[in-house]
Amino acid sequence: VSTGLADFYEAGYTQADPERAALLGRWRAHGADLKAGHITTLCARAGRAPRSVIEIGCGDGALLSALAARGFAVSYDGFELSEPAALLARDRNIPGAGRIESFDGSRVPAGDATYDLAVLSHVLEHVPDPLSLLREAARVARAVLVEVPLEHNRSAARPHKRAEARGIGHIQAFDRADIHALATAAGLRVFGELTDPLPVTHHAFFAASPAERVKGRLKWGIRTAVWRAAPQRAERLFTVHHAALLGR
Ligand SMILES: C[S@@+](CC[C@H](N)C(=O)[O-])C[C@H]1O[C@@H](n2cnc3c(N)ncnc32)[C@H](O)[C@@H]1O
């Protein structure tokens with residue numbers, strides 16, 4: 001992984017403006033709670049209760065922290081490309097946390113099948129070779145939970161939306177079939193999956209005026225209605241989050 005990418009993520013985690021840093025912290029916590037909900041739902045549906053979890057690309061530890069708050073597993077390790085983010089994650093003192101470390105972004109320093117579950121949450125869309133990282137997750141764990149935004153859709157294909165996604169480091173735009181193909185190529189089966197058009201609190205999070213809040217509510221209302229009526233069609237029209245539990 002190039003130093004450039006690591007620098008890019010470091011800049012994202014080190015905000016000079018304290019107000020902006022606090023807002024982004026709340027945004028990550030809000031997202032982490034949604035993601036933790038997806039993970040617990042899929043594991044419960046598949047009858048799995050992992051004891052040891054590794055999150056690859058754990059960022060500042062928001063998701064590990066949300067999982068620990070739910071008592072999801074017993075032990076939590078996290079590996080991250082960005083050293084400042086790994087430090088923030090370690091400083092959270094998450095109950096059950098073990099190794100919280102930075103790594104080279106490709107080879108996780110752990111033995112085969114060390115963990116019950118590896119989590120790759122909102123990471124594969126950031127990496128040049130998603131299949132290699134998925135294989136690495138499947139090497140160190142018996143099951144892998146992948147969550148990505150499905151950005152191969154009509155709304156996200158608009159030039160300003162592509163530019164926005166690139167601006168936050170998304171170099172892949174997946175659809176559901178891409179995730180299935182990656183799983184197959186990594187020798188994994190899909191045990192369960194779900195999509196989420198995201199709640200109103202997500203769509204209106206950055207709304208700074210009553211007009212923007214109305215816009216956020218409208219977006220949420222329309223997207224939720226389309227997703228409920230025709231979930232597969234919704235995926236082709238706008239971005240939903242997709243979580244999949246993969247295993248052998
Ligand atoms: C959008 S954040 C997601 C953080 C966390 N997983 C979550 O869901 O809240 C993407 C993270 O992936 C990390 N990342 C990017 N490329 C990576 C790689 N090759 N290996 C591990 N982490 C990577 C970035 O540093 C960043 O922290």
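A residue counts here as buried when its relative accessible area is under 20%, as exposed when that value is over 50%, and as partly exposed in between. The structure described with these words is a predicted model.

**Helix α9**

Helix α9 covers residues 210-229, and the face of this helix turned away from its buried side carries the exposed residues P210, A211, K215, R217, L218, I222 and A229. The buried residues of α9 are G216, R223 and T224. Seen down the axis of α9, these buried residues fall within an arc of 100°, so they line one face of the helix. A general property of such helices is relevant here: an α-helix has 3.6 residues a turn, so residues three or four places apart point the same way. As for what lies against them, the buried residues of α9 pack against α8, which spans residues 200-203.

**Helix α2**

Helix α2, made up of residues 18-45, is the other helix described here in terms of span and burial. At its start, a side-chain oxygen of D17 reaches to within 3.0 Å of the backbone nitrogen of E19, and α2 is followed by G47, whose phi is positive, near 70°. The buried residues of α2 are L24, H30, G31, A32, A36, G37, H38, I39, L42 and C43, and they pack against the helices α3 and α8 as well as the strands β4, β5, β6 and β7. The table sets out the spans of the two helices, taken from the C-alpha of the first residue to that of the last.

| Helix | Residues | Number of residues | Span | Expected span at 1.5 Å a residue |
|---|---|---|---|---|
| α2 | 18-45 | 28 residues | 40 Å | 40 Å |
| α9 | 210-229 | 20 residues | 29 Å | 28 Å |

In α2 the span is close to the expected value, and the span of α9 is likewise close to what is expected.

**The sheet and the helices across it**

Seven strands form an open sheet with mixed pairing, in the order β3-β2-β1-β4-β5-β7-β6. Its edge strands are β3 (97-102) and β6 (189-196), each of which pairs on one side only. Neighbouring strands of this sheet are turned by 15° against each other on average, with direction ignored. The edge strand β6 pairs with β7 (residues 241-247) in the antiparallel sense over seven bridges, and E193 stands opposite A244 in β7.

Two helices lie across groups of these strands. Helix α3 (residues 62-69) lies across β1 (52-56), β2 (75-80), β3 and β4 (115-121), and runs at about 170° to β2. Helix α7 (residues 176-185) lies across β5 (141-149), β6 and β7, and runs at about 155° to β6.

Notes
Residues numbered from 1 in each chain as written. Predicted model: local features only at pLDDT ≥ 70, side-chain atom pairs only at ≥ 80, totals over all residues. Heavy atoms only, no water. Helix = DSSP H or I, 4+ residues; strand = E, 2+ residues; numbered from the N terminus. Expected span 1.5 Å × (residues − 1). Buried < 20%, exposed > 50% of the residue type's maximum accessible area, 1.4 Å probe, protein only. Arc of directions from axis to C-beta. Contact = heavy atoms within 4.5 Å. Pairing = 2+ DSSP bridges. Axes fitted to C-alpha atoms, helices over the stretch in contact; angles between N-to-C directions. Polar contact = N/O pair within 3.5 Å; in protein donor to acceptor, adjacent residues only side chain to side chain.
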